[in-house]
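Hi everyone, thanks for coming. Let's have a look at this one together on the screen.

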Amino acid sequence: MAVKNIKNLAHFIAACSEIQVKSDHTLFYRGHASDAFSPLPTIFRNQNEDPKRSRFVEGESELFHSLVTQCPEEFKDCTSTFDFLVKMQHYGLPTRLLDVTSNPLVALYFAC
């Protein structure tokens, strides 16, 4: 995908409006300041550069259970693995989730 040089908010909105989306599809955006950023969930980032990072994937289950054990009240309303992972991500635990939004203005906010 070609990178566009956006000058202002109106130009950004116009560029988003030009994106062709099939009627049965939803377009999602990821707000990041650098187009060189690789859209990988935190748990999978920098594994080749830092061998310690691969421990996150190997010990994901242990990280998951340890946090729930330490803060059970925070997770009492979680009914699915997805619910647990969303809350864990906000606690700073590296997860396999990647923040995306269907609102381009939300993505722009995080990119800035």
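Here is a question to start: leaving aside its neighbours within four places in sequence, which residues is L93 in contact with? They are L63, L67 and M88. Please keep in mind that this is a predicted model.

Two of those partners take us to the core. L93, L67 and M88 belong to the largest nonpolar core, which has nine residues. The others there are F64, F75, C78, F84, L85 and L97. Helices α3, residues 60-70, and α4, residues 81-90, each supply at least two residues of this core. The most comes from α4, with three residues. As a general reminder, nonpolar side chains in soluble globular proteins tend to be buried together.

Now for the rings. There are four aromatic pairs in the structure. One of them is F64 with F84, a tilted pair with 5.5 Å centre to centre and 45° between the planes. This pair links distant parts of the chain, since F64 sits in helix α3 and F84 in helix α4, 20 residues apart. Are these two rings buried or exposed? Both F64 and F84 are buried. F64 and F84 also join F75 and Y91 in one aromatic cluster.

Last stop, the second largest pocket, with about 170 Å³ of space. Its lining includes Y29, R30, G31 and H32, and further along the chain D99, V100, T101, V106, A107 and F110. By class, that lining has five nonpolar, three polar and two charged residues.

That's my tour, and I'm happy to go back to any part of it.

How values were computed. Residues numbered from 1 in each chain as written. Predicted model: local features only at pLDDT ≥ 70, side-chain atom pairs only at ≥ 80, totals over all residues. Heavy atoms only, no water. Core = buried A, V, L, I, M, F, W, Y, C linked by side-chain atoms within 4.5 Å. Buried < 20%, exposed > 50% of the residue type's maximum accessible area, 1.4 Å probe, protein only. Helix = DSSP H or I, 4+ residues; strand = E, 2+ residues; numbered from the N terminus. Contact = heavy atoms within 4.5 Å. 1 Å grid on protein atoms, 1.4 Å probe; cavity = no way out; pocket = protein on both sides within 12 Å on 5 of 7 lines; lining within 4 Å. Points joined across faces, edges and corners; volume = space filled by probe spheres on them. Nonpolar A, V, L, I, M, F, W, Y, C, P; charged D, E, K, R; others polar. Phe/Tyr/Trp six-rings, centres within 6.5 Å; stacked < 30°, edge-to-face > 60°.
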